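The following questions and answers concern the chain shown below. Each answer works towards the value or name requested.

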Amino acid sequence: MRILTLLDELEAIIDEAKPAPLSSKVMVDRDQLLDIIDDIRMNMPDVIRQAEQIAHQRQRILSDADAEAKSVVSKAEKQAERLVNEHEITTKAYTMAEEVLDNTQKNAREIRMGAIAYADDVLAELERAMQQQLGLVQKNRKELKGDQ
């Protein structure tokens with residue numbers, strides 16, 4: 001895997017770097033390190049790139065759900081107000097408005113919970129994949145250092 005090679009290069013550069021006088025810090029070639037970091041970004045597994053997309057998608061889903069809920073609530077409130085203004089069906093209007101509002105709130109909660117559950121599932125899968133990748137990196141580092 002190309003990322004592991006690049007990480008090894010970074011580690012070698014740091015290990016071979018000259019120490020700064022009177023300090024535990026070392027001096028390294030900034031451009032060389034930045035080039036390696038750019039290479040790592042270019043070779044990053046798709047699962048990591050997908051994590052950011054999922055986070056944005058989750059926020060968009062939640063925003064859409066909230067907007068939908070507000071729209072439905074607004075429509076329900078307007079409908080309730082219109083029905084209340086009609087004197088002969090005032091009682092029925094209150095009942096219908098409460099039902100519509102309850103249904104709307106229930107639907108909004110369901111949409112929000114579904115969006116959260118979906119985002120959580122995707123993030124859990126991403127977490128598993130990242131843990132697997134991290135385990136592989138740790139194993140390879142141990143092998144390189146001779147800790148088998």
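Q: How far apart are the mean positions of the positive and negative charges of the chain?
A: This is a predicted model, in which local features need pLDDT of at least 70, side-chain atom pairs count only at pLDDT 80 or more, and totals for chains, interfaces and linings use all residues. Residues are numbered from 1 along each chain as its sequence is written, and side-chain values use heavy atoms, without hydrogens and water. Lys and Arg count as positive and Asp and Glu as negative, while His and the chain ends are not counted, and each charge is placed at NZ of Lys, CZ of Arg, CG of Asp or CD of Glu. For 21 positive and 29 negative charges, the mean positions are separated by 1 Å.

Q: In which pattern do the helices and strands follow one another along the sequence?
A: Helices (H or I, at least four residues) and strands (E, at least two) are DSSP runs, numbered from the N terminus. The chain has 4 helices and 2 strands. Their order is α-β-β-α-α-α.

Q: Why does the distance between the end C-alpha atoms of α4 agree with its number of residues?
A: Helix α4 covers residues 90-145, which is 56 residues. The expected span is 1.5 Å times one less than the number of residues. The expected value is therefore 82 Å, and the end C-alpha atoms lie in agreement with it at 81 Å.

Q: Which residue just after α4 takes a positive phi?
A: The phi angle there is about 85°. The residue is Gly146.
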